[in-house]
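User: I am new to this structure and would like a close look at one kind of part, the loops and the strands they join. Please walk me through it in one connected account.

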Amino acid sequence: MRLKRLWALLPLVAALGACDDFGLRSGGQGELRWIIAGNGADTRAASAEIPDTNDFILKVTDAKGKILYEGAYGDSPESLLVDAGSYTVAVHSIEFTTPGFSRPVYGDEQVVVVKAGATVTVRLNCVLENAGVRLQVAPDFLTSYPDGVLYLKSGDTRLMYGYSEKRIAYFKPGPISLVLNNRGADETLLTRTLDARTILTLNISAPHGGAAATSSITVAVDTAKIWNSESYAIGGGGSGSGSGSGGSGSSGGDDPGTDIDNAYSVSQAANHIGEDDIWVFGYIVGGDLSSAGTTVKTSKFTKATHLAIASRSSVTSKASCIAVELPKGPIRDALNLVDHPDLVGTRVYLKGSLVASYFGTTGLKSVSDYVLK
């Protein structure tokens with residue numbers, strides 16, 4: 001009898017063993033959320049090239065590769081109700097297939113497991129994924145090589161670099177060569193293998209009379225990415241010597257949050273309650289919070305005293321926002337949504353004091369400055 005019972009249990013044991021994670025195969029659903037953490041693309045040294053995170057390309061797929069969402073980050077829903085299982089969440093600033101000027105790519109990709117009844121928030125920490133080169137051509141180059149043309153080469157791709165070009169040329173990580181074409185003949189001056197997050201500045205000079213010049217290498221590292229600066233004198237070799245130093249890369253104070261370049265994101269702000277005179281940034285998503293319930297009002301505003309900012313322009317949940325008090329005067333005149341409803345969806349930087357609660361969510365009061373992007 002005991003043996004018969006054991007045989008009867010074998011099908012159930014086999015069925016349970018076939019599941020990698022019984023909790024994931026139980027047929028329940030969970031909630032998947034995502035947010036670009038911090039400054040999103042934290043790149044102060046090349047801020048003019050940073051695209052708006054609202055325009056980043058977001059893609060959410062399940063374990064079988066089925067696309068659940070693909071489109072602009074700013075247009076994405078706040079969350080998705082999904083079956084228990086694993087999901088890939090990826091975000092990139094732009095599609096990048098060929099080298100080009102002012103084409104940095106910032107992004108992140110993470111695989112997460114969502115269990116039935118649970119909420120998983122993916123914090124996307126976007127960093128520079130490609131590498132860049134910037135040439136600084138000395139006046140003596142034109143004198144010594146009037147017919148010379150400089151190229152940057154990556155694989156089979158060549159990118160001509162004009163003498164007056166100021167922009168950074170971006171490439172996929174790997175070997176990148178500096179090529180001089182002089183009167184139809186190519187000469188590879190140097191080749192460097194660049195990792196992601198590396199920006200190499202090459203100072204090109206051509207001393208008169210072919211005299212040997214001393215090449216030097218200096219390395220400067222900031223908090224945003226690795227920056228390499230290297231001097232190359234044509235005819236003077238390129239081996240050089242190196243030294244290193246660190247820098248904050250900010251345009252103002254060294255403390256996080258104390259200047260606009262170090263502004264806290266909406267998601268970071270909750271960890272800095274009680275701090276005064278700090279910068280916070282986000283997208284204006286609505287207002288009239290006193291009558292909005294759990295969501296922000298997105299049109300037909302009646303209150304000029306405050307507004308709400310969030311990590312992306314599609315957010316409507318009050319709990320995901322910072323309520324911003326607009327002081328009477330020029331700031332309220334410029335930002336209130338009664339007079340300026342077109343500001344909804346605009347990225348804004350605000351300087352003020354973070355408080356734990358204002359209209360039932362994190363608040364920013366005593367606003368003393370602002371910048372619209």
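**Loops and the strands beside them**

Analyst: In this predicted model, Ser102 sits in the loop between strand S6 (100-101) and S7. The phi angle of Ser102 is near 50°, which is positive although the residue is not glycine. With a relative accessibility of 28%, Ser102 counts as partly exposed, because that class runs between the cut-offs of 20% and 50%.

Strand S7 (residues 106-114) contains Asp108. Asp108 is buried and has no salt bridge. Its nearest side chain of opposite charge is that of Arg123, 9.4 Å away. The side chain of Asp108 does reach the backbone nitrogen of Asn125, at 3.0 Å.

Another loop, between strand S23 (347-358) and strand S24 (361-372), holds Phe359. Phe359 is also a non-glycine residue with positive phi, here near 55°. Its relative accessible area is 28%, so Phe359 is partly exposed.

Other loops take part in salt bridges, of which the structure holds six. One of these joins Arg183 and Asp147, with their closest N and O atoms 3.5 Å apart. Arg183 is in the loop between S14 and S15, and Asp147 is in the loop between helix H2 (139-144) and strand S11 (148-154); the two residues are 36 apart along the chain. Arg183 is exposed at 70% relative accessible area, whereas Asp147 is partly exposed at 44%.

Strand S15 takes part in a salt bridge as well, between Arg158 and Asp186, with a closest N to O distance of 3.0 Å. Arg158 belongs to strand S12 (residues 157-161) and Asp186 to strand S15, so this pair ties together parts 28 residues apart in sequence. Both count as partly exposed, Arg158 at 35% and Asp186 at 46%.

Elsewhere, Glu78 and Arg33 form a salt bridge with an N to O distance of 3.9 Å. Glu78 is in the loop between strand S3 (67-72) and strand S4 (79-83), and Arg33 is in strand S1 (residues 29-36), so parts 45 residues apart in sequence are tied together. Glu78 is buried at 16%, and Arg33 is partly exposed at 22%. Glu31 joins these two in a network of salt bridges.

Strands S14 (174-182), S15 (185-194) and S16 (198-205) also each supply at least two residues of the lining of the second largest cavity. That cavity holds about 40 Å³ of space. Its lining comprises eight nonpolar residues, one polar and one charged; among them are Val133, Ile176, Ser177 and Arg192.

Methods: Residues numbered from 1 in each chain as written. Predicted model: local features only at pLDDT ≥ 70, side-chain atom pairs only at ≥ 80, totals over all residues. Heavy atoms only, no water. 1 Å grid on protein atoms, 1.4 Å probe; cavity = no way out; pocket = protein on both sides within 12 Å on 5 of 7 lines; lining within 4 Å. Points joined across faces, edges and corners; volume = space filled by probe spheres on them. Helix = DSSP H or I, 4+ residues; strand = E, 2+ residues; numbered from the N terminus. Nonpolar A, V, L, I, M, F, W, Y, C, P; charged D, E, K, R; others polar. Buried < 20%, exposed > 50% of the residue type's maximum accessible area, 1.4 Å probe, protein only. Lys, Arg positive; Asp, Glu negative; His and termini not counted. Salt bridge = Lys/Arg side-chain N within 4 Å of Asp/Glu carboxyl O. Polar contact = N/O pair within 3.5 Å; in protein donor to acceptor, adjacent residues only side chain to side chain.
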